[in-house]
Amino acid sequence: MCFHRGGTHKTIVARGLRDIRRLLVLGIETSCDDTGVALYHGDKGLRTHALASQVDLHRPYGGVVPELAARDHVRSLMPLVVRVLQDAGVGSQDINGIAYTAGPGLAGALLVGAALGRALAWAWQGPAIGVHHMEGHLLAPMLESEPPEFPFLALLVSGGHTLLVDVLGVGRYRLLGRTLDDAVGEAFDKTAKLLGLDYPGGPAIALAAGKGRPGALCFPRPMTDRPGLDFSFSGLKTYTRNAVPAGTLDEQVLADIAFAFQDAAVDTLVIKCRRALKETRRRRLVVAGGVGANAELRTRLKKTATACGAKVYYPRPDFCTDNGAMIAYAGWVRLQAGCSEGLDFTVRPRWELTDLSAIDGPPA
Ligand code: KG4
Ligand code: ZN
């Protein structure tokens, strides 16, 4: 499918839009444990966004419970849509299109956003577009004041993905490397659980690592001793498990383990980015996805990129983790290029980024 092309919605024409770039798009994100809603306008940029986090709901289980996530999206989504419209001072008649995350993610959670997004688009007589969650992350730095120009290299690091992508334009993605097992965010989460730290694990590990002593422990940097740009994080997680002494965990030992784990995970990502920058000779590196909020990673990548003559672009930390703004923007990009869905809708819990269609010319 265009995933999208084929069937530019007649309603766009029917509503007489003079300038398709002036679309006001409502974005809906429900792929995992955050309900995100936002409004993006082609000329005015991001109008407003809101997020309902499910962290408290899943905390007792130490991870996301898919059924609970879907039910909570049902509860939170519509009130959030109403709030975003009120905050922006717009009515349903002002909305020109709706973007919802169609995948990858948890099937039940995705269905909530897709069903509401598609239904609202029908009721409000506008087009709808199913957005790839990782394309949302990848394009999130475009919402910042100094967005990167194409082409660029992208490191996408979330709870479900670790990807190095050569980005030539929207939908023009060449996969350079990916994890062969756990995603780096997943490794952070599992390691945190092992250490008895709070959920979600990434920020908890980062906090504990702040009290760790450099050099107290040294963990391996997986797959950095051989050529290639793929990753593997499950061995690092096992190595961490073996480093945990039996019995009660002393606070300093816990901090040292957190430090050594974060140091190894970040170093591994930095080594592969340096290699990819050298191989591709790209001068711009985009870092996005939840782990992109990690302060240590941000500092170290900035240094490395500068040494390679490149510049790093991040979304603001709030837009590294899941949010509706990146979905509204990615949806706007594809809607203004003429892509849209029919009246039916599909969710794709597994969906390769490289399956997306290219759109003509990136929006300036
Ligand atoms: O992009 P995201 O919000 O959701 C997915 O698409 O998966 O990423 C969530 C992941 C989790 O694994 C979380 O532990 C990790 O991002 N994360 C972090 C930090 N903040 C979130 N990992 C390391 N350091 C952080 N500060
Ligand atoms: Zn995400």
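User: What makes β7 and β8 a pair in this predicted model?
Analyst: Two strands count as paired if DSSP finds at least two bridges between them, and 6 bridges join β7 (residues 162-169) to β8, with the two running antiparallel. That satisfies the cut-off, so they are a pair. Among the residues involved, Leu164 has Gly177 of β8 as its bridge partner, and Leu163 stands opposite Arg178 in β8.

User: What links β7 and β8, and which residue in the turn has a positive phi?
Analyst: The two form a hairpin with 2 residues between them. Gly171 in that turn has a positive phi of about 85°.

User: How do you know that β6 also pairs with β7, and in which sense?
Analyst: Same kind of check. The threshold is at least two bridges, and β6 (residues 152-157) and β7 share 6 bridges in the antiparallel sense. Ala154, for one, has Val165 in β7 as its bridge partner. A hairpin through 4 residues joins β6 to β7.

User: Why is β7 called mostly covered?
Analyst: A residue is buried when its relative accessible area is under 20%. In β7, 7 of its 8 residues are buried, so "mostly covered" is a fair label by that cut-off.

User: Why are β8 and β10 called edge strands?
Analyst: Look at the order of the open sheet: its 5 strands run β8-β7-β6-β9-β10, with mixed pairing. β8 (172-178) and β10 (311-313) each have a single partner strand, so one side of each has no neighbour in the sheet. On average, neighbouring strands here are turned by 25° against each other, ignoring direction.

User: What makes α9 and α10 roughly parallel?
Analyst: Helix α9 (residues 251-280) and helix α10 (residues 295-307) pack at about 30°, with axes 10 Å apart. Angles under 35 degrees count as roughly parallel, so this pair gets that label. The contact includes Gln262, Val266 and Leu277 of α9, and Glu296, Leu301 and Ala305 of α10. As for handedness, α9 passes α10 in a right-handed crossing.

User: And why are α8 and α9 called roughly antiparallel?
Analyst: The axes of helix α8 (residues 234-243) and α9 cross at roughly 165° and come within 11 Å. Anything over 145 degrees counts as roughly antiparallel, so that's the name for this pair. The crossing of α8 and α9 is right-handed. In the contact, Leu236, Thr240 and Ala243 of α8 meet Ile257, Phe261, Ala264 and Ala265 of α9.

User: How do you know whether Ala209 is buried or exposed?
Analyst: Its relative accessibility is 4%, and buried means under 20%, so Ala209 is buried. Ala209 sits in helix α7 (residues 201-209) and touches Ala255, Ala258, Phe259 and Gln262, leaving aside residues up to four places away in sequence. The C-alpha atoms of Ala209 and Phe261 are separated by 8.4 Å, with the two residues 52 apart along the chain.

User: What about Asn294, a loop residue: buried or exposed?
Analyst: Asn294 lies in the loop between β9 (284-288) and α10. With a relative accessible area of 8% against a limit of under 20%, Asn294 is buried. Not counting residues up to four places away in sequence, Asn294 touches Phe188, Ala206, Gln262 and Val266.

User: What makes His133, His137 and Asp322 donors of the zinc ion (ligand 2)?
Analyst: For this metal, N, O and S atoms within 2.8 Å count as donors. His133 (NE2), His137 (NE2) and Asp322 (OD) lie at 2.0 to 2.1 Å from the zinc ion, so they qualify. Water is not among the atoms, so the site may look incomplete.

User: How are these donors spaced along the chain, and why are His133 and His137 about one helical turn apart?
Analyst: The spacing is H-x3-H-x184-D. His133 and His137 are 4 residues apart in helix α5 (residues 133-139), and this is why about one helical turn separates them.

User: Why are both of those histidines called buried?
Analyst: The cut-off is under 20% relative accessible area. His133 comes in at 6% and His137 at 1%, so each one counts as buried.

Notes:
Residues are numbered from 1 along each chain as its sequence is written. Chains are lettered from A and ligands numbered from 1 in the order in which they are written. This is a predicted model: local features need pLDDT of at least 70, side-chain atom pairs count only at pLDDT 80 or more; totals for chains, interfaces and linings use all residues. Side-chain values use heavy atoms; hydrogens and water are left out. Donors are N, O and S atoms within 2.8 Å of the metal (3.2 Å for Na, K and Ca); water is not among the atoms, so sites may look incomplete. Buried means under 20% relative accessible area, exposed over 50%, partly exposed in between (1.4 Å probe, protein chains only). Axes are lines fitted to C-alpha atoms, for helices over the stretch in contact, and angles run from 0 to 180 degrees between N-to-C directions. Angles under 35 degrees count as roughly parallel, over 145 as roughly antiparallel, 65 to 115 as roughly perpendicular and the rest as oblique. A crossing is left-handed if the near helix is turned anticlockwise from the far one by less than a right angle, and right-handed if clockwise. Contact means heavy atoms within 4.5 Å.
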